[in-house]
Amino acid sequence: MNSAKNALNQAKLTPNMGLKHRNTFGLDAIAELAYEITSAEQLPCLLKELRSQNPVWRVLGGGSNVILPNQLPGATLLMNIPGQEVCKSDEQNTWVSVGAGVNWHEFVAWTLEQNLPGLENLALIPGTVGAAPIQNIGAYGVEVGEYIDSVEAFDSVEQAFVTLSQAASQFAYRDSHFKRNPQRYIVTKVIFKFPKTWKPRLQYADLAKQFNHSNPLPSAKDIFSAVCQIRSQKLPDPNVIGNAGSFFQNPVVSNEQHEELLKQFPNLVSYPDSPGMHKLAAGWLIDQCGFKGQRLGPVGVYEKQALVLVNHGGANSTDILNLAKVIQEKVMKTFQVQLEIEPNIF
Ligand code: FAD
Ligand code: NAP
């Protein structure tokens, strides 16, 4: 009995695992020791063992927001924890508990089948549920943190399971407490809270255009379908051409810098942000520098969306970072704005 339990608590280990199909850039990386994590209970023992041997380790979800080197030394934890269920409901809200390894888009589709609207604007974002809180994924004016009640994780510093509330998770624009403390938390489960009142969020131009004066208002399922359709037209499918979505974050600048830029570039694409700040569309800055559709060796700038770098085949992390540097330098020279890389560089 005990040995059966122990076996279940052991993460499956594969030495020298190829990760080409576990990262959306399609980079040919080899993980020295790949552990498949299918249950939270596997983590305490494994982390203790890794700590005693002192190898480096990192967590990998679906690999849609990472740049992998050719060799990943030490341990790579592949987060495959399954499971999703409605765990509580009252007059105002419904709570849903989801394993870190569940596919994000399939989860969003499932919530709509359960008549739990809210996440429809975040349809078709690749990756896992466990990674969603890390950069507080967002699209079309909705951020996942708005719907997260709490996050369950193994804290590798305290060597204990912890539950972080929405407030403790400190969600911000493509940022969170987890992202600011890399290598500390391994997210095992996310608890979502869906309010029973719902209103469509259509402020982004592409959605507003699609549902212009719609009467009655679109349902969450209508918005889900529209988001899938719009994204499929604009973004490269990682199964066809390797990419990690937006490669740079949208820079947020002071109102003074924004005013100066507007004088020089009256067509600047920007949006009011937090008080005193403006968000610039990084894609527009890159496009203005003439990079759209350009190539440098095996990598390039996607021809339909300048914010996306693509792997035309056979690229490695150095090729990608070289092109990123060229873009950053040109944007800095033209606009005096620093572009920060969004994907995590391993
Ligand atoms: P990975 O890429 O595997 O990991 C990302 C980071 O999270 C790494 O640092 C990793 O260590 C950490 N991590 C992963 N899982 C865990 C865990 N369980 N515990 C602790 N740390 C973990 N992002 C948006 O915000 N909005 C978008 O609209 C969007 N669109 C995209 C479109 C495309 C075509 C692509 C390729 C990417 C897009 N992204 C977008 C980026 C990406 O999909 C998200 O960041 C996604 O949440 C990453 O999930 P993942 O499971 O692939 O994480
Ligand atoms: P878009 O709608 O063409 O807009 C271009 C940029 O302007 C976006 O980056 C967006 O910022 C900003 N923007 C547009 N309308 C806005 C508004 N009403 N208020 C505030 N900001 C506004 O963008 P897109 O390229 O087609 O992408 C659509 C959505 O999917 C965006 O939210 C984008 O972030 C998201 N997306 C993210 C990734 C990724 O990897 N992170 C990849 C693809 C798409 P925001 O980015 O802050 O929303």
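Here are a few questions and answers about the predicted model shown above.

Residues are numbered from 1 along each chain as its sequence is written, and ligands are numbered from 1 in the order in which they are written. Local features need pLDDT of at least 70, side-chain atom pairs count only at pLDDT 80 or more, totals for linings use all residues, and side-chain values use heavy atoms, without hydrogens and water.

User: Which helix gives the most to the largest nonpolar core?

Analyst: A nonpolar core is a set of buried Ala, Val, Leu, Ile, Met, Phe, Trp, Tyr and Cys residues joined through side-chain atoms within 4.5 Å, where buried means under 20% relative accessible area (1.4 Å probe, protein chains only). The largest one has 41 residues, and its suppliers of at least two residues include helix 3 (104-113) and helix 7 (220-234); helices are DSSP runs of H or I, at least four residues long. With seven residues, the top contributor is helix 7.

User: How many residues surround ligand 2?

Analyst: A residue counts if one of its heavy atoms lies within 4 Å of the ligand. The closest include Y173, Y204 and K234. The shell divides into six nonpolar, six polar and five charged residues (Asp, Glu, Lys and Arg count as charged). The total is 17.

User: Which residue has a side-chain N or O atom 2.6 Å from an oxygen atom of ligand 2?

Analyst: Polar contacts are pairs of N or O atoms within 3.5 Å. N250 has a polar side-chain atom 2.8 Å from a ligand 2 oxygen, while E342 lies 3.0 Å from a ligand 2 nitrogen through a side-chain N or O atom. The residue at 2.6 Å is K279.

Notes. Buried means under 20% relative accessible area, exposed over 50%, partly exposed in between (1.4 Å probe, protein chains only). A polar contact is a pair of N or O atoms within 3.5 Å; within protein, one must be able to donate a hydrogen and the other to accept it, and residues adjacent in sequence count only if both atoms are side-chain atoms.
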